[in-house]
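Trainee: I would like to go through some salt bridges and some burial labels. Please give the reasoning behind each label.

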Amino acid sequence: MNRVSMHSSQAIKVACSNCNLRELCMPVGLDEQQLKRIDDIVAIRRKIKRGSTLFRNGEPFTSLFAIRTGFFKTCVATEDGRDQVTGFQMAGEIIGLDGIVNDRHTCDAVALEDAEVCVMPFERIEELSREVTALQTHVHKIMSREIVREHGVMLLLGSMRAEERLAAFLLNLVQRLHARGFSQSELVLRMTREEIGSYLGLKLETVSRTFSKFVEEGIVEVKQRHVRIANTDALKRIVNNQQSCH
């Protein structure tokens, strides 16, 4: 390896032990040696331009990706050629778990803004997690969190009215952002209204109408993609009233 390529490979190497997302991606309580071994596995970062695909439906599954910066949507093409959004993922979350079951990805992952991910080869993670139980537990926890989230979405789509779906969506988004150190009440929507509608099983007009209703009722303030939740309790009441009806 010549000096130039050696230097650039050093430049793209990222140390998990120094990463500010470490608490979100990696199990806490690892000793230095164990962290060093994880650092060695997660040696490569990839930059993904807005609108580009990180992986596609049907591609062989080799790695999980920890999102360092940016925002993604996962989607599948429906039989009539439309994109069905299946989820939104943000910095500090792991993407690619859909490929574990059949060794192939079952959706497309598209960057909604310029993003950077850490590549985590799954075979290496499996090897290491056999030795480091904290890592194994952590991987299982991430996987079960995804299952719980998907189950939550199915419940959402199965029984909720439009206001309840959008309220639950906004609360979930702001809660996840807050866990990453962002505001508890302000967010920038990286996805379009259409993508929100696709995810929540609502038409574009319904999403826009419901946002307008929330604005009129003083629950949220909306300026293009900037949303400020003015009354979190009102959103919670919309969701909880629905749940208590069942």
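Trainee: Why is the pair Glu195 and Lys73 called a salt bridge?

Mentor: A salt bridge is a side-chain nitrogen of Lys or Arg within 4 Å of a carboxyl oxygen of Asp or Glu. The side chains of Glu195 and Lys73 meet at 2.9 Å, N to O, so the pair fits that definition. This is a predicted model, in which local features need pLDDT of at least 70 and side-chain atom pairs count only at pLDDT 80 or more, while totals for chains, interfaces and linings use all residues. Residues are numbered from 1 along each chain as its sequence is written, and side-chain values use heavy atoms, with hydrogens and water left out.

Trainee: What makes this pair a tie between parts of the chain?

Mentor: Glu195 belongs to helix α7 (residues 193-200) and Lys73 to strand β4 (residues 71-77), so the salt bridge joins parts 122 residues apart in sequence. Helices (H or I, at least four residues) and strands (E, at least two) are DSSP runs, numbered from the N terminus.

Trainee: Are Glu195 and Lys73 buried or exposed?

Mentor: Buried means under 20% relative accessible area, exposed over 50%, and partly exposed in between (1.4 Å probe, protein chains only). Glu195 has 13%, so Glu195 is buried. Lys73 has 10%, so Lys73 is buried.

Trainee: How do you know that Glu116 and Arg68 form a salt bridge?

Mentor: Their closest N and O atoms are 3.6 Å apart, so the cut-off is met. Glu116 sits in strand β8 (residues 115-121) and Arg68 in strand β3 (residues 63-69), 48 residues apart. Glu116 is buried, at 11% relative accessible area.

Trainee: What places Glu163 and Lys213 in a salt bridge?

Mentor: The closest N and O atoms of Glu163 and Lys213 are 3.8 Å apart. The pair links helix α6 (residues 162-179), which holds Glu163, with helix α8 (residues 204-216), which holds Lys213. Glu163, at 19% relative accessibility, counts as buried, whereas Lys213, at 33%, counts as partly exposed. Arg161, Glu163, Glu164, Lys213 and Glu217 are linked in a network of salt bridges.

Trainee: How many salt bridges does a search of the whole structure find?

Mentor: The search finds 13.

Trainee: Why does Ile95 count as buried?

Mentor: Its relative accessibility is 2%, so Ile95 falls in the buried class. Ile95 is part of strand β6 (residues 94-95). Leaving aside neighbours within four places in sequence, Ile95 is in contact (heavy atoms within 4.5 Å) with residues including Leu54, Phe55, Ile67 and Ala109.
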